[in-house]
Amino acid sequence: MSPVIISETVEFRVGDRVWVYRDSAFGAVEGAVVVDVRPDRSLRVEFTDGHRNLLRHGHVELRAPAVG
């Protein structure tokens, strides 16, 4: 099965600010910035604490579009 990111946003761009919803009982949400969009539609994001992660599935929503 292909990776699936669940979102109302059709396409993300580098520089977009997003909310990443974590799978947890507490419904944790983290802010991040898209730093790479892969051909398979997975996203590499950088979180506010500086760590980066490759997201292949999960729930991601646009918080603010990239400027420019």
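## A tour that starts at R13

Select R13 and show its neighbours. Leaving aside residues up to four places away in sequence, R13 touches V34, V37, P65 and A66. This is a predicted model, so treat each stop as part of a prediction. R13 sits in the loop between β1 (5-6) and β2 (17-21). Is R13 buried, exposed or partly exposed? Its relative accessibility is 42%, so R13 counts as partly exposed. Now add V60 and draw a line between the two C-alpha atoms. R13 and V60 are 47 residues apart in sequence, and the line spans 13 Å.

**The whole chain**

Zoom out and switch to a cartoon view. The protein has six strands and zero helices. Along the sequence the pattern reads β-β-β-β-β-β. The radius of gyration is 11 Å, close to the 11 Å that the globule rule gives for 68 residues, so the protein is as compact as a globular protein of that length. Draw a box along the principal axes. The C-alpha atoms fill roughly 35 × 30 × 20 Å.

Turn on the surface. The protein exposes about 4800 Å², and carbon and sulfur atoms supply 52% of that area. Buried residues make up 24% of the 68 residues. Next, colour by charge. There are 9 positive and 10 negative charges, and their mean positions lie 4 Å apart. Then display the contacts with a separation of 6 or more. Of these, 46% come from residues 24 or more positions apart.

**The sheet**

Hide the surface and colour each strand. In what order do the six strands lie in the sheet? The order is β1-β6-β2-β3-β4-β5, in an open sheet with mixed pairing. Look at the two edges, β1 and β5. Each has a single partner strand, so one side of each is left without a neighbour in the sheet.

Begin at β1. It runs parallel to strand β6 (residues 58-64), and two bridges join them. Select I6 to find one place where they meet: I6 stands opposite H59 in β6.

Step across to the other partner of β6. Strands β2 and β6 pair in the antiparallel sense, over five bridges. Pick V20 here. Its bridge partner in β6 is V60, the residue you used for the line from R13. As you look along a strand, keep one rule in mind. In a regular strand the side chains alternate between the two faces of the sheet.

**The loop before β2**

Return to the loop between β1 and β2, and select T9 there. Is T9 buried or exposed? At 19% relative accessibility, T9 counts as buried, because the cut-off for buried is under 20%. Which residues does T9 touch, beyond those up to four places away in sequence? They are E61 and L62. Draw the C-alpha line from T9 to E61. It spans 6.6 Å, although the two are 52 residues apart in sequence.

**The β4-β5 hairpin**

Move to the far end of the strand order. Select strand β4 (residues 43-47) and strand β5 (residues 52-55). They run antiparallel, joined by four bridges. Together β4 and β5 form a hairpin, with four residues between them. Click on G50 in the turn. It has a positive phi of about 100°.

Now check two pairs. E46 has R52 as its bridge partner in β5. V45 stands opposite N53 in β5.

Stay in strand β4 and select R44. Its relative accessibility is 25%, so R44 counts as partly exposed. Show what R44 touches, again without residues up to four places away in sequence. The list is V33, V34, V35, D36, R38, R52, N53 and L54. V34 may look familiar: R13 touches V34 too. Add A28 and draw a C-alpha line from R44. The line spans 19 Å, with the two positions 16 residues apart along the chain counted as their separation.

**Last stop: R41**

Step back to the loop between β3 (29-37) and β4, and select R41. What is the sign of phi at R41? It is positive, about 75°, although R41 is not a glycine. A general rule helps here. Most residues other than glycine have a negative phi. Bring back the surface to finish. R41 is exposed, with a relative accessible area of 58%.

Terms used:
Residues are numbered from 1 along each chain as its sequence is written. This is a predicted model: local features need pLDDT of at least 70, side-chain atom pairs count only at pLDDT 80 or more; totals for chains, interfaces and linings use all residues. Side-chain values use heavy atoms; hydrogens and water are left out. The radius of gyration is taken over C-alpha atoms; the globule rule is 2.2 Å times the number of residues to the power 0.38. Buried means under 20% relative accessible area, exposed over 50%, partly exposed in between (1.4 Å probe, protein chains only). Contact means heavy atoms within 4.5 Å. Accessible areas come from the Shrake-Rupley method with a 1.4 Å probe; for residues, only the protein chains shown count as cover. Lys and Arg count as positive and Asp and Glu as negative; His and the chain ends are not counted. The place of a charge is taken as NZ of Lys, CZ of Arg, CG of Asp or CD of Glu. Two strands pair if DSSP finds at least two bridges between them.
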